[in-house]
Amino acid sequence: MHVRRLREARGLTLEELASRSGMSFRGVVYIEHGRRNPSLTTLIKLARGLQADPSTLLGVFDSCDRSSD
């Protein structure tokens, strides 16, 4: 869901993000729907497509860590 929120905030379609990231449409869909866990390389590609720092995509884990305190 984090990738989807970032994509939508940037006004990108799934097709646009896939193209910008050098990924398949289906691969992006699977990641957005939680059906596939992206590798570090894939996270970097997605970040590039979103024009964001890779740490932005990993930021979702920071909020999970804080909520368990």
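Why is helix 3 largely enclosed by the rest of the structure? That's where I'd like to start today. Keep in mind that we're looking at a predicted model.

Okay, so helix 3. It has eight residues, and six of them are buried, so the helix ends up largely enclosed by the rest of the structure. If you want to find them on the screen, go to Gly27, Val28, Val29, Tyr30, Ile31 and Glu32; those are the buried ones. And what sits over them? The cover includes helix 1, helix 2, which runs 14–21, and helix 4, which runs 40–50. Just after helix 3 comes Gly34, and its phi is positive, near 75°.

Now hang on to Glu32 from that list, since it takes us to the charged residues. As a bit of background, side chains of opposite charge can pair when their charged atoms come close. In this model the count is three salt bridges.

Let's take Glu32 first. Its side chain meets the side chain of Arg7 in a salt bridge, 2.6 Å from N to O. This pair links distant parts of the chain: Glu32 belongs to helix 3, residues 25–32, while Arg7 belongs to helix 1, and they're 25 residues apart. So are the two partners buried or exposed? Both Glu32 and Arg7 are buried. For Arg7, the relative accessible area is 7%.

Arg7 has another partner, too. Glu8 forms a salt bridge with Arg7, and there the closest N and O atoms are 4.0 Å apart. For anyone wondering about that one, the cut-off is within 4 Å.

Then Glu8 also pairs with Arg4, where the closest N and O atoms are 3.0 Å apart. Where do these two sit relative to each other? They're four residues apart in helix 1, residues 2–9, which means about one helical turn separates Arg4 and Glu8. As for exposure, Arg4 is partly exposed, at 34% relative accessible area, and Glu8 is partly exposed as well, at 45%.

Put the pairs together and you get a network of salt bridges linking Arg4, Arg7, Glu8 and Glu32. Walking along it, you start from Arg4, which is partly exposed, go through Glu8, also partly exposed, and finish with Arg7 and Glu32, both buried.

That's my bit, thanks, everyone.

Note on methods:
Residues numbered from 1 in each chain as written. Predicted model: local features only at pLDDT ≥ 70, side-chain atom pairs only at ≥ 80, totals over all residues. Heavy atoms only, no water. Helix = DSSP H or I, 4+ residues; strand = E, 2+ residues; numbered from the N terminus. Buried < 20%, exposed > 50% of the residue type's maximum accessible area, 1.4 Å probe, protein only. Contact = heavy atoms within 4.5 Å.
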